[in-house]
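Please walk me through this protein model, beginning with its overall make-up and then turning to individual side chains and the partners they meet.

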Amino acid sequence: MKLLRLFLGLGALAFSGCGHLDLTPEGDPNRFLAGTVNLRMPMDLPAAASVLVRVVDNSRADAPQILGEQTSERVNATPVPFRVEFRAEDAVLRRGLNVEARVSYGGSLRYYTAKAVGLNLGNYDRPMVVVVDPVKR
């Protein structure tokens, strides 16, 4: 009888770890992020302005990886719509990515994302508003 209890106890212990397995199928790694870039201080941009939006994996501080980017040229009004195609497995999105935006004109960077904009499995498929701040000179 004690031997039976021991085997039942060991069996229950062995199978108790299976309750946390994630059986959800992985999503398609080919993804896109859509949204708008807004200036913190709204104003019109010169006709020669360009807006760059990137999806970046910063998991390795020594070598950030750009997963996708889009450049819009000759932008003169905000908000600026964007659509960035990128490739990321679900595990990468669970860890988290960053969205960076930059506005340049006159040969200089004028606005950028001063605060990190996070992208993850819960928000990559929703329209994102990215706010950029003026570069301090």
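The paragraphs below go from the whole chain to its strands, then to its salt bridges, and end with single residues of strand 3.

The coordinates discussed here belong to a predicted model, and every distance and area quoted below is to be read as a value computed from that model. The secondary structure of the protein chain consists of 2 helices and 8 strands, and their order from the N terminus is α-β-β-β-β-α-β-β-β-β. Of the 137 residues in the protein chain, 30% are buried. The surface that the protein chain exposes comes to about 9,100 Å², with carbon and sulfur atoms supplying 57% of that area. As for how the chain meets itself, 64% of the contacts with a separation of 6 or more are between residues 24 or more positions apart.

Among the strands, strand 4, which spans residues 80-87, offers a regular pattern of side chains. Val80, Phe82, Val84 and Phe86 point to one face of strand 4 and are buried, whereas Pro81, Arg83, Glu85 and Arg87 point to the other face and are not buried. Strand 4 is also joined to strand 1 (residues 30-39) by 8 bridges, and these two strands run antiparallel. Within this pairing, Asn30 is the residue that stands opposite Arg87 of strand 4.

From the backbone pairing we can turn to charged side chains. Side chains of opposite charge can pair when their charged atoms come close. Across the whole structure, a search finds 7 salt bridges, and three of them are followed here, beginning with the one between Asp90 and Arg31, whose closest N and O atoms are 2.3 Å apart. Because Asp90 lies in helix 2 (residues 90-95) and Arg31 in strand 1, this pair ties together parts that are 59 residues apart in sequence. Are the two partners buried or exposed? Asp90 has a relative accessible area of 7% and is therefore buried, and Arg31, at 5% relative accessibility, counts as buried too.

Helix 2 takes part in another salt bridge, in which the side chains of Arg95 and Asp57 meet at 3.1 Å, N to O. Since Arg95 lies in helix 2 and Asp57 in strand 2, the pair ties together parts that are 38 residues apart in sequence. Here the two partners fall into separate classes of accessibility: Arg95, at 48%, counts as partly exposed, while Asp57, at 9%, counts as buried.

A further salt bridge, with an N to O distance of 3.0 Å, is formed by the side chains of Glu69 and Arg54. This pair links distant parts of the chain, with Glu69 in strand 3 and Arg54 in strand 2 (residues 49-57), 15 residues apart. Glu69 is partly exposed, its relative accessible area being 44%. The side chains of Arg54 and Glu69 are also joined by a polar contact of 3.0 Å.

What else does Arg54 contact, once its neighbours within four places in sequence are left aside? In addition to Glu69, the residues in contact with Arg54 are Ile66, Gly68, Asn98, Val99, Glu100 and Arg102. One of these, Arg102, is 48 residues from Arg54 in sequence, yet the two C-alpha atoms are 8.9 Å apart in space.

Strand 3, spanning residues 65-75, holds Ser72 as well as Arg74, and these residues can be read side by side. Ser72 counts as buried because its relative accessibility is 14%, which falls under the 20% limit used for that class. By contrast, Arg74 is exposed, with a relative accessible area of 67%. The side chain of Ser72 is joined to that of Gln70 by a polar contact of 3.4 Å. Beyond its neighbours within four places in sequence, Ser72 is in contact with Ala49, Ser50 and Val51, and also with Val80 and Pro81, the latter two belonging to strand 4.

Arg74, with residues up to four places away in sequence not counted, touches Ala47 and Ala49. Ala49 is thus named for both residues, as it also appears among the contacts of Ser72. Finally, the C-alpha atoms of Arg74 and Pro46 are separated by 8.1 Å, although these residues are 28 residues apart along the chain.

Terms used: Residues numbered from 1 in each chain as written. Predicted model: local features only at pLDDT ≥ 70, side-chain atom pairs only at ≥ 80, totals over all residues. Heavy atoms only, no water. Helix = DSSP H or I, 4+ residues; strand = E, 2+ residues; numbered from the N terminus. Buried < 20%, exposed > 50% of the residue type's maximum accessible area, 1.4 Å probe, protein only. Polar contact = N/O pair within 3.5 Å; in protein donor to acceptor, adjacent residues only side chain to side chain. Contact = heavy atoms within 4.5 Å. Pairing = 2+ DSSP bridges. Salt bridge = Lys/Arg side-chain N within 4 Å of Asp/Glu carboxyl O. Areas by Shrake-Rupley, 256 points an atom, 1.4 Å probe, with all protein chains shown as cover.
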